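Dear colleague,

I am passing on the structure we spoke about, with some notes on what was found in it. Please keep it open beside this message as you read.

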Amino acid sequence: MIGEELVQLLTPEGERVSHPEYESSLTNDQIVSYYRDMVIVRRLCTESTSLQRQGQLALWAPIQGQEAAQIGAGRALQPMDFTFPTYREHGIAWCRGVPPADMLRLFRATSNGGWDPQKYRHSVPTVVLGNQALHAVGYAMGVQRDGAEEAVMAFFGDGASSQGDVLESFVWASSYNAPIVLFCQNNQWGISTPMSVQSKIPLYHRAHGFGFPGVRVDGNDLLAVYEVTKRALDNAREGGGPTLVEAYTYRLGAHTTSDDPTRYRIDAEVEVWRHRDPIERVKALLVREGTVKASYFDEVAEEAEGIALQLREDVLAMGKPDPITIFDHVYADEHPLIDEGRREMVELGVAGGGH
Amino acid sequence: MSREVFLLPDVGEGLVEAEIVSWKVAVGDAVVLNQPLVDVETAKATVELPSPFAGTVVELHHAVGDVVEVHQPLVSIETDASAPAPAPAATPAEASPAVEPIEQTREAVLVGYGVGDEGAATRTRRRRGAPAPVAPAPVAREAAPALAPRSTPPVRLYAKQHGIDLAGVRGTGRDGLITRADVEALLVGAPTPAPSRPPVTGPATPTRFVGHDLAPWASGPEVERIPVRGVLRSMAEAMTQSAFSAPHAAVWVRVDATRTMELLASLKERPALAGVRLSPLAIVAMAVCDAARHFPGVNSSFDADQSEVVVRRVVNLGIAADTPRGLIVPNVKGADRLDLVGMARALNALVDTARAGTTAPNDMLGTTITITNVGPFNVDAAVPILPPGTGAIVAVGRVAPAPWVLDGAVVVRQVTELAMSFDHRQVDGALASRVLRHIADYLEDPGPRLIAG
Amino acid sequence: MATTTMTMAKALNEGLRRAMEANKKVLVMGEDVGKLGGVFRITDGLQKDFGEDRVIDSPLAESAIVGTAVGLSIRGYRPVCEIQFDGFVYPAFDQIVSQVAKLHKRSDGVYTMSLVIRLPFQGGIGAIEHHSESPEAYFAHTAGLRVVSCATPEDAYWMIQQSIAHDDPIIFCEPKCRYWEKGEVDTERAPRGLFEAVVRRPGADVTVVGYGASVRTMLRAAEAAEAEGISLEVIDARSIAPLDLDTMAASLERTGRLVVVHEAPHTASIGSEIVSALTERCFYSLRAPGLQVSGYHTPYPPSRLEEDYRPSVDRILDAVDRVMGFES
């Protein structure tokens with residue numbers, strides 16, 4: 001499965017390996033810091049799953065197994081870059097500075113979005129598969145017209161790779177040489193649909209057909225994801241056009257908390273991928289190279305625990321919004337039907353009823 | 001320390017219940033936040049539920065194998081003070097569920113919190129600000145505005161069917177809406193005077209109607225219901241029976257009654273007739289009896305039960321009488337045998353008795369032919385309904401001066417109209433015409449016939 | 001007052017030009033809009049004057065035209081997308097309904113979807129079915145979108161500029177069969193607001209409401225009705241969503257009779273909406289139920305039959321007869 005085309009800089013056992021084109025540029029401090037990111041993001045994810053199991057979230061989309069893909073890509077971004085996520089980019093959101101509680105507003109069912117996309121330069125969650133890839137290309141065309149040195153990153157998964165919007169985004173990105181990185185997390189499963197149904201060729205090969213480079217990177221290798229993404233982003237900023245990055249990874253958990261993956265995949269496969277756990281890999285590297293003291297791992301775990309408890313507290317404090325907010329921001333300008341709806345709700349005595 | 005109850009949440013698995021697969025804790029165990037408590041299985045998946053509390057397990061509400069409904073108690077935990085602050089929640093009687101599911105009244109489906117309780121089948125919220133009740137204003141007509149009459153289409157249809165033109169009407173409903181009640185008010189001319197006209201109140205004295213004193217227009221109720229009893233019931237039943245059993249037809253004729261009136265005037269001056277009220281009715285009565293004698297078939301009735309026509313050789317002459325009790329039809333028995341004076345006296349007695357309300361039931365039985373005199377009401381004619389069991393009824397209108405062609409010249413004569421309704425089952429138009437012509441001839445020249453008697 | 005006579009096509013072209021001059025963020029994008037100037041030549045000469053970066057000849061994929069316009073809008077641009085024909089808008093339907101309409105809300109007001117989607121619509125040009133459809137109701141139904149339609153060159157000139165300047169996403173429906181009709185255009189002053197209906201011809205007996213290509217048909221019907229002694233008040237709705245119900249209700253309260261004219265099938269149409277909304281508003285003034293003169297519930301027919309499908313003077317007059325025939 002891990003062929004020679006796969007860019008890997010760190011083995012599952014935590015050993016650095018060389019690659020003819022890529023070399024890790026990460027400092028020890030960066031690796032230590034990104035390890036912390038991954039642990040926290042995973043802990044936030046397990047806390048969110050618990051909250052869902054305890055009836056406090058409508059749904060949760062876990063990212064276990066994809067932490068390196070998201071932290072590697074997220075940390076390769078520059079502050080002025082702009083990202084267009086799906087609904088599973090919690091690690092990217094973390095890197096962009098989105099408060100964890102804001103990430104859960106969608107799942108707590110108190111918002112259709114959750115955060116200020118311009119403030120964090122991280123767009124709102126997109127649930128319709130692939131729509132955001134076109135938004136990202138359009139945004140990139142705007143960057144291009146502004147003459148700005150910014151890159152744009154669109155996220156999607158193997159599931160969305162069959163969507164017309166994703167493939168159209170390849171055409172547009174290529175035709176207009178847009179400053180964009182099309183970042184595909186191939187986690188092998190679109191709910192129950194296996195990769196083999198989605199594509200008969202490796203996904204990253206598709207880029208060549210559209211006229212731009214595609215790279216497959218070990219999505220569970222923090223160091224490799226960082227380097228591949230960084231180079232693609234730099235290339236975009238410098239006018240080199242789009243790159244498709246296929247982060248080859250695995251969804252260790254369910255598609256969402258409403259899913260039961262035991263129905264469509266075998267435990268042995270999951271076990272193979274557990275062996276390739278992205279966090280354990282970096283931990284092994286840090287231990288192997290003696291980068292941190294042994295106590296560091298407990299400190300990070302403890303910090304993550306605190307952040308998780310804070311998240312729990314913040315989520316439980318999110319009450320039902322005032323119903324009158326239904327009418328907010330439907331239109332930028334006045335609209336008679338919005339006025340009518342507001343008026344009716346006030347007359348019914350519903351408005352102001354949030355708690 | 002407080003006792004918290006963890007309710008089985010909707011885990012989004014699509015079902016409303018779950019089966020306990022295995023407990024991972026026992027009563028007395030200490031648990032930490034998010035520690036696995038139990039595996040539950042829905043038809044869709046087995047799910048591990050983490051504890052929302054830290055503390056000590058004090059009760060497992062169900063045994064392995066039990067099927068638990070969503071939002072029912074699963075496990076109770078005695079929490080310690082250091083446990084994370086519970087979410088604010090409503091407090092049931094015995095325990096405070098620190099973590100109650102976010103929506104307790106939802107029904108699980110495939111994804112999400114489940115389907116929310118869309119509300120009981122009763123109103124739970126106050127009505128939206130209902131306008132304060134407004135005292136009804138009188139329906140008013142005003143100068144026609146540019147707008148179409150504001151009313152509901154059904155009310156418009158109602159008005160149309162009753163010939164009410166709504167143009168310019170301002171109704172008593174909200175914003176001048178014309179209501180059905182407004183149309184009804186316009187129909188009966190109820191208190192809906194136009195501001196530009198003086199109010200029409202009618203006379204202040206009561207009037208008689210079907211045996212009742214009706215209150216004046218202005219002071220009586222808008223709608224008054226009168227029980228159908230006594231005379232009214234008799235009239236109603238008789239007219240209904242007659243109208244729906246005897247096929248009515250009618251003939252009528254204008255009559256120069258000048259000589260009748262001259263005769264009556266001359267007779268009144270005779271001392272022998274002092275105290276006898278002589279009216280045209282008496283002459284008509286004599287004429288009808290004479291006609292019966294000439295055409296007995298008109299003095300008949302149709303017995304459907306026996307399939308026979310009953311012809312009578314005696315005239316029990318019915319007189320439709322307007323009395324305080326209402327319309328009654330007493331008769332003069334053997335009227336065909338009376339002379340004019342006898343007829344006049346009999347009629348006087350009959351009318352006096354009827355007006356006194358002392359008419360005996362027997363006086364109303366056995367009528368063979370009837371006269372209804374609408375002349376006192378100053379109308380020209382009527383097409384009456386037959387009293388049941390009779391073959392003909394003659395209506396007499398007022399006698400009034402009118403132009404009349406006499407010998408080729410238009411002259412003013414005392415003219416009246418006669419109409420006769422007859423039961424067309426046994427009386428045909430030819431017979432009826434002959435009878436009525438006979439009566440007319442009698443009135444046009446009563447003298448010789450009275451004598452010929 | 002600078003009044004010029006021009007076709008609707010030229011008025012749109014001039015309006016676009018003026019909007020692009022006024023704001024450098026205004027872009028025009030779509031299939032064949034650059035060198036060719038669009039299949040209807042609405043964008044003729046714009047690329048030559050404003051460059052390929054602002055007048056973008058796009059690959060042939062409608063979802064991408066709109067989807068990338070969303071991204072450009074997020075970036076602060078004001079894209080004007082041309083969908084070549086009404087029947088080609090459906091590949092972009094997902095982007096329009098799921099994203100264009102809702103991103104302002106989803107972002108809690110942070111994103112402004114300042115984009116215009118130009119849609120040559122309605123039939124009457126003898127073209128194939130996909131070049132003749134009336135899909136406006138699909139978009140009017142979607143919260144977050146606005147839908148307008150021009151019926152005269154003057155409205156075309158001003159409404160396109162007003163739409164581009166507006167911060168909400170607007171589906172701009174152009175009656176393609178009227179592109180080459182000429183009219184007076186006051187190029188100095190916009191005659192009215194973007195979302196206002198206008199009484200094109202006053203009348204007393206029946207209120208007739210329509211938009212786009214139907215406006216001229218309604219005016220002709222009003223002339224014919226006048227000859228028969230019936231007075232039609234013709235209202236050009238102009239804004240399809242939201243509807244200017246105030247203007248329509250003021251008319252209907254006087255006439256008590258309503259006929260709505262449009263080319264789409266009548267079920268769940270703009271006509272249905274107008275009849276429904278005005279029945280609610282003017283119920284107590286109605287002399288007859290509101291009627292629709294519309295396309296039939298069929299696919300757009302082969303164009304040899306289109307004049308039997310589209311509202312005609314005869315069909316409008318027939319509806320007028322019917323509303324006049326109700327007891328009132």
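To begin with a detail, which residue in β7(A) is the bridge partner of Cys184(A)? The partner is Glu246(A), and I should add at once that this is a predicted model. The two strands concerned, β3 (residues 180-186) and β7 (residues 243-248) of chain A, pair in the parallel sense over six bridges.

That pair belongs to an open sheet of five strands in chain A, which run in the order β1-β2-β3-β7-β6 with parallel pairing. Because β1 (82-84) and β6 (214-218) of chain A stand at the edges and have a single partner strand each, one side of each is left without a neighbour in the sheet. On average, and with direction ignored, neighbouring strands of this sheet are turned by 20° against each other.

Two helices of chain A lie across these strands: α7 (residues 131-146) crosses β1, β2 (152-157) and β3, running at about 170° to β2(A), while α11 (residues 222-237) crosses β3, β6 and β7, running at about 170° to β7(A).

Turning to chain C, the domain assignment gives domain 1 (3-186) and domain 2 (198-325), with 26 Å between their centres, taken over C-alpha atoms. The contact between them takes 24 residues from domain 1 and 23 residues from domain 2 of chain C. On the domain 1 side, β6(C) gives the most, with four residues, and by class that side has eleven nonpolar, seven polar and six charged residues.

Finally, nine residues of chain C are in contact with eleven residues of chain B, and the chain C side of that contact has two nonpolar, three polar and four charged residues.

With best wishes

Notes. Residues are numbered from 1 along each chain as its sequence is written. Chains are lettered from A and ligands numbered from 1 in the order in which they are written. This is a predicted model: local features need pLDDT of at least 70, side-chain atom pairs count only at pLDDT 80 or more; totals for chains, interfaces and linings use all residues. Two strands pair if DSSP finds at least two bridges between them. Axes are lines fitted to C-alpha atoms, for helices over the stretch in contact, and angles run from 0 to 180 degrees between N-to-C directions. Two residues are in contact if their C-beta atoms, placed from the backbone, lie within 7 Å. Ala, Val, Leu, Ile, Met, Phe, Trp, Tyr, Cys and Pro count as nonpolar, Asp, Glu, Lys and Arg as charged, and the others, Gly among them, as polar. Domain bounds come from an automatic or database domain assignment.
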